[in-house]
Amino acid sequence: MTKPFLSIEGLTKRFSAKGKAEDLVVFDDVFLNIEQGEFVCIIGHSGCGKSTILNILAGLDEPTSGGVIMDGKEIAGPSLDRGVVFQNYSLLPWLSALQNVIFGVKARWPNWTKGKVEEHSRKYLEMVGLGASMHRKPAQLSGGMRQRVSIARAFATQPKLLLLDEPFGALDALTRGVIQDELIKIWSESHQTVFMITHDVDEAILLADRILLMTNGPNARVAESVKVSLPRPRERAQIIEHPGYYKIRNHLVNFLVKRSGELAGTKNSDRQHPENIDPLAESPEPVPADPPARAKSDRPLRSVS
Amino acid sequence: MSLNLRATVVSLLFLIIVLGIWETLNQPPEATEALSEYELLMGGADQEARVPPPSQVAEHAWSELSNPFYDAGPNDKGIGIQLAYSLYRVLTGYFAAALIAIPLGFVIGMSPLMYKALNPFIQILRPISPLAWMPLALFVIKDSERSAIFVIFICSIWPMLINTAFGVANVRNDWVRVAQTHELSPLRTAFTVILPAAAPTILTGMRISIGIAWLVIVAAEMLVGGTGIGYYVWNEWNNLDLNSVIFSILMIGFVGMLLDMALSGVSRLVQYEE
Ligand SMILES: Nc1ncnc2c1ncn2[C@@H]1O[C@H](COP(=O)(O)OP(=O)(O)O)[C@@H](O)[C@H]1O
Ligand SMILES: [Mg+2]
């Protein structure tokens with residue numbers, strides 16, 4: 001079988017706790033695969049280690065043991081191949097919105113001419129609807145606009161993998177909805193592989209091909225991998241009409257409310273990989289089988305060699 | 001009336017009151033009695049105790065300012081020349097200090113090892129009055145001009161060094177991560193992320209330094225003599241020319257204010273809002 005685009009193999013992270021003999025084991029021996037072009041969301045209660053996984057993928061943090069292989073190469077340190085959008089936007093406040101995007105584009109293609117860099121950067125800012133305010137400094141932009149700049153910067157560098165750490169966590173519900181739509185739009189044009197942390201179940205269903213569920217920490221694990229086989233393109237208003245929507249949603253909420261705690265500290269039955277679940281396939285009346293537009297994740301994800 | 005306008009009116013009012021009091025209190029006493037022999041020898045009784053009134057100072061200031069650059073020998077130079085000497089010393093010592101303090105502060109701010117290693121030296125050297133260096137400087141450098149510059153150097157280095165190190169060490173980790181995820185080299189990170197991020201703090205240090213340097217140059221020039229505004233004040237005191245003393249005090253304040261305004265102008269350019 002071909003190797004998956006990204007494989008997380010035996011990832012373990014411990015922190016040596018102050019004044020305690022035993023280390024804090026955030027998670028232990030996590031295995032995961034992500035396919036090219038897949039949009040994966042990860043949900044879990046706060047403190048279970050989601051950000052830690054994401055930072056390891058970004059190369060900003062190192063695992064205690066285990067490793068991550070992307071595109072045949074082991075991840076060692078940060079790289080332009082992996083773009084990151086943080087919850088707090090991480091824009092450089094002394095640069096305008098446009099200059100912030102240019103900052104990324106210039107780093108990605110140092111040999112481009114000034115004009116080409118700027119044109120490329122403008123294009124992405126326009127894509128997220130910021131064409132009119134690209135000369136403003138981050139302090140003069142609302143939280144939602146800042147996060148759009150941050151998304152534009154990440155997409156403009158065209159990384160192989162895009163990492164988003166609760167990108168909409170600090171935004172109000174209305175703004176979040178608008179930016180989610182923009183994220184879908186820009187993503188459907190680029191077909192980038194996305195790994196996104198969220199704590200919003202509806203957001204995950206709207207965006208993801210697959211949702212990973214983590215048990216509570218410490219000693220957390222990715223217990224389930226839930227397939228979201230709702231047809232794309234998805235629209236917020238229509239998706240909730242879909243008969244499968246609440247099946248998926250109930251499954252997720254049930255996990256978060258009950259099983260995430262019950263399963264805490266236990267091991268996966270297949271030691272290595274999360275259990276694959278497709279809430280719609282279990283349905284007694286078959287749901288109209290609209291083949292998902294980008295269903296690369298159809299096959300079981302137990303393909304580690 | 002806007003606040004600014006009202007403030008200006010109140011300022012002027014204070015100025016007029018203070019000048020008025022000064023003027024009336026310092027009228028020459030009427031010569032009621034005949035001067036004693038001693039007083040006659042000293043050239044008049046009122047000479048010793050009386051501060052010249054503002055009208056006299058203003059008159060003197062006008063004549064000095066209308067020809068600030070005259071040069072009539074070592075003991076009689078225009079105020080402009082004296083200020084220029086002082087400014088030259090201050091700026092030379094100050095920029096030499098900046099040239100060392102800012103790069104060194106970068107290193108200290110970025111490396112916890114260097115911070116810990118150099119901190120004891122900084123803590124001991126910093127509280128030393130810059131003038132305490134003067135004898136040693138004169139002995140080693142053997143040149144009063146350069147010794148004065150050295151004293152300026154040593155007094156302006158600390159605020160810049162400490163502020164640079166502090167600013168660099170406290171650059172938000174998010175911004176460093178942005179540099180890392182964009183694979184910037186350490187040098188480019190230093191120039192495109194850390195320098196602009198720390199610039200407001202560095203400029204604050206530079207502003208404190210120029211203020212201290214201008215305070216210290218007056219004292220240093222009183223010690224080494226020859227030229228400069230500090231020497232001028234002391235020399236006019238020896239000549240008992242209080243008009244010139246008061247005039248030069250005001251000029252020291254005025255130039256100090258200009259230096260501070262220049263630095264605050266630069267610091268506004270690098271300021272950013274988070
Ligand atoms: N530098 C650190 N030192 C010690 N413990 C840490 C450190 N960073 C994170 N942790 C711990 O690791 C766990 C996972 O953190 P995190 O990945 O941020 O969780 P999440 O993003 O899922 O909310 C938490 O219990 C947190 O306290
Ligand atoms: Mg987190």
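Me: Let's start with G77(A): does this residue count as buried or as partly exposed?
Reply: Welcome! This is a predicted model, and in it G77(A) has a relative accessibility of 27%. Buried means under 20% and exposed means over 50%. The value for G77(A) lies in between, so this residue counts as partly exposed.

Me: Which residue is 18 residues from G77(A) in sequence but 4.1 Å from it in space, C-alpha to C-alpha?
Reply: To find your place, look at the loop between β5 (73-74) and β6 (82-85) of chain A, where G77(A) lies. From there, the C-alpha atom to look for is 4.1 Å away, and it belongs to G59(A).

Me: Let's move to ligand 1. Which helix supplies the largest share of the shell around it?
Reply: The residues around ligand 1 include F15(A), L24(A), V26(A) and the run S46(A), G47(A), C48(A), G49(A), K50(A), S51(A) and T52(A). Two elements of chain A, β2 (24-34) and α1 (50-58), each supply at least two residues of this shell. The largest share is three residues, and these come from α1(A).

Me: How many residues of that shell are charged?
Reply: The shell has four nonpolar residues and five polar ones. Lys counts as charged, and K50(A) is among the residues around the ligand. The number of charged residues in the shell is one.

Me: What share of the accessible area of ligand 1 does the protein cover?
Reply: Several backbone atoms approach oxygen atoms of the ligand: a polar backbone atom of G47(A) is 2.7 Å from one, a backbone N or O atom of C48(A) is 3.3 Å from one, and a polar backbone atom of K50(A) is 2.8 Å from one. On its own, ligand 1 has 560 Å² of accessible area, and the share covered by the protein is 57%.

Me: Now the aromatic rings. Is the pair of F39(A) and W187(A) stacked or edge-to-face?
Reply: Over all chains, the structure holds nine aromatic pairs. In the pair of F39(A) and W187(A), the ring centres are 5.2 Å apart and the planes make an angle of 80 degrees. Planes over 60 degrees apart count as edge-to-face, so the geometry of F39(A) and W187(A) is edge-to-face.

Me: How far apart in sequence are the parts that this F39(A) and W187(A) pair ties together?
Reply: F39(A) lies in strand β3 (residues 39-43) of chain A, whereas W187(A) lies in helix α5 (residues 173-190) of chain A. Both F39(A) and W187(A) are buried. Because one ring sits in the strand and the other in the helix, the pair ties together parts whose separation in sequence is 148 residues.

Me: Which residue of α5 in chain A makes a side-chain polar contact with E203(A)?
Reply: The contact joins two side chains at 2.5 Å, one of them from E203(A). The partner counts as buried, since its relative accessibility is 4%. This residue of helix α5 of chain A is Q180(A).

Me: Which residue, 171 residues away in sequence, is 6.4 Å from D209(A), C-alpha to C-alpha?
Reply: D209(A) has its place in the loop between α6 (201-207) and β9 (210-214) of chain A. With a relative accessible area of 6%, D209(A) is buried. The residue 6.4 Å from D209(A), C-alpha to C-alpha, is E38(A).

Me: At what distance from the ring centre of W112(A) does K116(A) lie?
Reply: K116(A) lies over the face of W112(A). Chain B offers another example, where the charged end of K142(B) sits over the ring of F139(B), 5.3 Å from its centre. For K116(A) and W112(A), the distance is 4.4 Å.

Me: To finish, what is unusual about the backbone: which peptide bond is cis, with omega near -5 degrees?
Reply: Most residues other than glycine have a negative phi, and most peptide bonds are trans. D29(A), in strand β2 of chain A, has a positive phi of about 60 degrees, and E166(A) has a phi near 40 degrees. P233(A) lies in the loop between β10 (222-227) and α7 (236-239) of chain A. The cis peptide bond is the one from R232(A) to P233(A).

Conventions
Residues numbered from 1 in each chain as written. Chains lettered and ligands numbered in written order. Predicted model: local features only at pLDDT ≥ 70, side-chain atom pairs only at ≥ 80, totals over all residues. Heavy atoms only, no water. Near = heavy atom within 4 Å. Polar contact = N/O pair within 3.5 Å; in protein donor to acceptor, adjacent residues only side chain to side chain. Areas by Shrake-Rupley, 256 points an atom, 1.4 Å probe, with all protein chains shown as cover. Helix = DSSP H or I, 4+ residues; strand = E, 2+ residues; numbered from the N terminus. Buried < 20%, exposed > 50% of the residue type's maximum accessible area, 1.4 Å probe, protein only. Phe/Tyr/Trp six-rings, centres within 6.5 Å; stacked < 30°, edge-to-face > 60°. Lys NZ or Arg CZ within 6 Å of the ring centre and 35° of its normal.
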